[in-house]
Amino acid sequence: MSYRSGFIAIIGSPNVGKSTLMNLLVGQKVSIVSPRAQTTRNRVMGVVTRPGLQMVFLDTPGVAAARNRLGEYMLGVAYESLNEVECILFVADATSGIRARDEALLEKLRGAKAPVVAAVNKADAASPEQIEAARAKLGRAGFVGQIVVLSAKTGENAEELVSALSSHMEEGPQYFPDDMVTDQPERVLVAEIVREKALELLSEEVPHGIGVGVEKIGAREGGRLTDVYATIYCEREGHKGIIIGKQGAMLKKIGSLARHDIEWLLGVRVNLQLWVKVKDDWRNKESVLRELGYE
Ligand SMILES: Nc1nc2c(ncn2[C@@H]2O[C@H](COP(=O)(O)OP(=O)(O)OP(=O)(O)O)[C@@H](O)[C@H]2O)c(=O)[nH]1
Ligand SMILES: [Mg+2]
């Protein structure tokens with residue numbers, strides 16, 4: 001039998017579980033996840049390789065009205081991903097249902113060239129009525145080929161989604177080697193881990209204005225220890241105080257959670273040094289956006 005492969009864009013409103021779902025399918029965390037909307041800021045590739053089949057997922061930022069240049073960039077990333085794929089996976093959250101914003105996005109997908117498959121996620125947390133309501137609305141759109149109800153958290157029905165998506169893969173090459181799960185460089189993965197922990201631990205408006213830059217990843221002691229230097233950027237002096245916390249407690253917490261994950265990623269003991277810097281209104285500044293990889 002011939003080899004089948006293709007690219008699949010994952011798109012949906014913020015916080016519906018797109019990144020969690022991609023991580024589940026890939027079998028490894030490649031895209032960071034948090035309870036806050038607008039966690040994903042860039043296109044994140046996740047590769048699923050099976051015998052005779054390769055599916056290349058593109059996780060994208062949740063589609064939401066842009067409030068700054070970073071937001072505009074994120075919207076662009078989400079929409080552009082639709083042009084380069086064999087299939088579109090629209091993700092909705094069963095617990096919040098198909099809201100006006102989901103419907104507006106769905107309307108945009110109506111004109112897309114690629115076939116659309118929908119996932120109704122968070123089935124583990126939704127009532128049967130909520131699930132039915134979401135499924136019915138998606139069905140009424142008229143162009144959604146398959147609708148799969150699942151849970152990215154428990155893995156329930158994930159295989160059903162894989163088979164729905166694989167039916168849209170076409171005869172093609174194995175794009176990436178068997179052991180490759182993402183195209184993100186180490187530096188980006190490390191910065192994202194730090195950002196994930198900051199998103200998890202900080203509250204209110206602080207997390208949204210955070211960016212992370214990694215200045216150094218360097219081995220020493222004959223490779224037994226790796227130094228990682230990273231800076232957390234925020235938008236205001238007041239935010240800097242919150243990120244550092246009382247006697248440095250918050251920064252310490254962020255650092256210790258991040259170090260744990262970075263050690264797992266790099267497979268070596270890590271000395272993580274974190275700094276916090278204020279860059280006034282950086283989400284509107286092209287130079288900083290470029291520096292942090294949002295270009
Ligand atoms: N109960 C439940 N929670 C889930 C499920 N999938 C994701 N979540 C949670 O939903 C929240 C958002 O998950 P993400 O994967 O970051 O969502 P996203 O769609 O990628 O969000 P953005 O990147 O901001 O657009 C996190 O707290 C997840 O743990 C699920 O199947 N069930
Ligand atoms: Mg995401």
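In this predicted model, aspartate 227 has a bridge partner across in strand S10, and that partner is asparagine 271. Right next door in the list of pairs, threonine 226 stands opposite valine 270, which also belongs to S10. Both pairs take us into a small story about three strands, so let's start with the sheet they build.

**The sheet**

- What order do the strands of this open sheet follow? Reading across, you get S8-S9-S10, and the pairing is mixed.
- The edges are strand S8, covering 211-220, and strand S10, covering 269-278; each of these two pairs on one side only.
- Going from one strand to the next, the twist averages 15 degrees.
- S9, made of residues 225-234, pairs with S10 in the parallel sense, and 10 bridges hold that pairing.
- On the other pairing, S8 and S9 run antiparallel and are joined by 9 bridges.
- If you want a pair to find on screen there, try lysine 216, whose bridge partner in S9 is tyrosine 229.
- S8 and S9 also make a hairpin, with 4 residues between the two strands. Look in the turn for glutamate 221, which has a positive phi of about 50 degrees.

**Helices on the sheet**

- Which strands does helix H8 lie across? Helix H8 (residues 249-266) lies across S9 and S10, and runs at about 135 degrees to S10.
- Back at the parallel pair, S9 and S10 share 10 bridges. Helix H7 (residues 237-244) packs on the sheet and touches both of those strands, with its direction making about 155 degrees with that of S10.

**The two domains**

- The domain assignment splits the protein chain into domain 1 (4-171) and domain 2 (186-291).
- How many residues does each side bring to the contact? Domain 1 gives 9 residues and domain 2 gives 12.
- Sorted by class, the side of domain 1 that touches domain 2 has 3 nonpolar, 4 polar and 2 charged residues.
- Taken over C-alpha atoms, the centres of the two domains are 28 Å apart.

**Around ligand 1**

- Ligand 1 is surrounded by 24 residues. The closest ones are Gly17, Ser19, Thr20, Thr40 and Gly62.
- Which helix supplies the largest share of this shell? That's helix H1 (residues 18-26), with 3 residues.
- By class, the shell around ligand 1 holds 8 nonpolar, 12 polar and 4 charged residues.

**The whole chain**

- Stepping back, the protein chain has 9 helices and 10 strands.
- Why can we call the chain as compact as a globular protein of its length? Its radius of gyration is 20 Å, and the globule rule gives 19 Å for 295 residues; the two values are close, so the description fits.
- Along the principal axes, the C-alpha atoms of the protein chain fill a box of roughly 55 × 45 × 35 Å.

Key. Residues are numbered from 1 along each chain as its sequence is written. Chains are lettered from A and ligands numbered from 1 in the order in which they are written. This is a predicted model: local features need pLDDT of at least 70, side-chain atom pairs count only at pLDDT 80 or more; totals for chains, interfaces and linings use all residues. A residue is near a molecule or strand if its C-beta atom, placed from the backbone, lies within 6 Å of it. Ala, Val, Leu, Ile, Met, Phe, Trp, Tyr, Cys and Pro count as nonpolar, Asp, Glu, Lys and Arg as charged, and the others, Gly among them, as polar. Domain bounds come from an automatic or database domain assignment. Two residues are in contact if their C-beta atoms, placed from the backbone, lie within 7 Å. Two strands pair if DSSP finds at least two bridges between them. Axes are lines fitted to C-alpha atoms, for helices over the stretch in contact, and angles run from 0 to 180 degrees between N-to-C directions. The radius of gyration is taken over C-alpha atoms; the globule rule is 2.2 Å times the number of residues to the power 0.38.
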